[in-house]
Amino acid sequence: MSYLLTHVQYFVVIFLMMTGFYIVISRGNLMKKVIGLNIFQTSAILLYLTMGVVRGGTAPILDPRFSIYSNPLPSVLMLTAIVVGVATTAVALALVVRIKEAYGTIEESEIQQKQAEDEEGRR
């Protein structure tokens with residue numbers, strides 16, 4: 001039982017990751033897919049941040065009073081990942097808007113159906 005309580009953050013990460021993955025593969029709505037990707041990305045960021053925590057660690061400032069330091073690299077990398085994720089989400093949302101303008105829907109099955117109709121109309 002103590003193992004479960006000390007590692008609860010990993011179970012939260014696994015739950016979020018599988019939730020995001022399920023949303024991406026099971027939904028046909030493109031907006032829901034973007035949201036699922038964001039949930040998946042958030043779980044990866046949370047995983048790296050929880051792995052970078054050092055109990056009793058301080059900021060890596062050289063001071064004779066401190067002997068345990070936290071590594072700032074995971075936090076810096078995750079800040080970069082957050083910025084990249086926001087940019088990726090913005091591009092994905094822009095593409096969803098353009099797809100909506102072009103096809104009149106954001107449902108994947110309807111888009112594929114309209115593409116198939118367009119191809120048959122060209123033949």
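Before you click on anything, fix one term: buried means under 20% relative accessible area, exposed means over 50%, and partly exposed is what lies in between, with a 1.4 Å probe and protein chains only. You'll be looking at a predicted model, where local features need pLDDT of at least 70, side-chain atom pairs count only at pLDDT 80 or more, and totals for chains, interfaces and linings use all residues. Residues are numbered from 1 along each chain as its sequence is written, and side-chain values use heavy atoms, with hydrogens and water left out.

**The whole chain**

Start with a cartoon view. You should find five helices and zero strands, running α-α-α-α-α from the N terminus. The chain's radius of gyration is 21 Å, well over the 14 Å that the globule rule gives for 123 residues, so the chain is more spread out than a compact globule. (Helices are DSSP runs of H or I with at least four residues, strands are E runs of at least two, and both are numbered from the N terminus; the radius is taken over C-alpha atoms, and the rule is 2.2 Å times the number of residues to the power 0.38.) Line the view up with the principal axes and the C-alpha atoms fill a box of roughly 75 × 35 × 20 Å.

Switch on the surface: the chain exposes about 9200 Å², and carbon and sulfur atoms supply 68% of that. Those areas come from the Shrake-Rupley method with a 1.4 Å probe. Of the 123 residues, 17% are buried. Contact here means heavy atoms within 4.5 Å; among contacts with a separation of 6 or more, 49% join residues 24 or more positions apart.

**Helix H3**

Now select residues 30-51. This is H3, with 22 residues, and from first C-alpha to last it reaches 32 Å, close to the 32 Å expected at 1.5 Å a residue (the expected span is 1.5 Å times one less than the number of residues). Show side chains for its buried residues: Leu 30, Lys 33, Val 34, Gly 36, Ser 43, Ile 45 and Thr 50. Which helices do they pack against? Bring up H2 (8-26), H4 (73-103) and H5 (108-122), and you have the partners.

**Ile 45**

Stay in H3 and zoom in on Ile 45. At 12% relative accessibility, Ile 45 counts as buried. Leaving out residues up to four places away in sequence, Ile 45 touches Met 78, Ala 81 and Ile 82. Try the distance tool on Met 78: its C-alpha lies 5.9 Å from that of Ile 45, with the two positions 33 residues apart in sequence terms.

**Ala 92**

Next, move to H4 and pick Ala 92. Ala 92 is partly exposed, with a relative accessible area of 22%. Draw a line to Ile 25, 67 residues apart from Ala 92 in sequence, and the C-alpha atoms come out 16 Å apart.

**Glu 107**

Last stop: the loop between H4 and H5, where Glu 107 sits. Glu 107 counts as partly exposed at 29% relative accessibility. Ignoring neighbours within four places in sequence, Glu 107 is in contact with Gly 28 and Asn 29. Add Lys 32 to the selection: 75 residues apart along the chain, Lys 32 and Glu 107 have C-alpha atoms separated by 9.8 Å.
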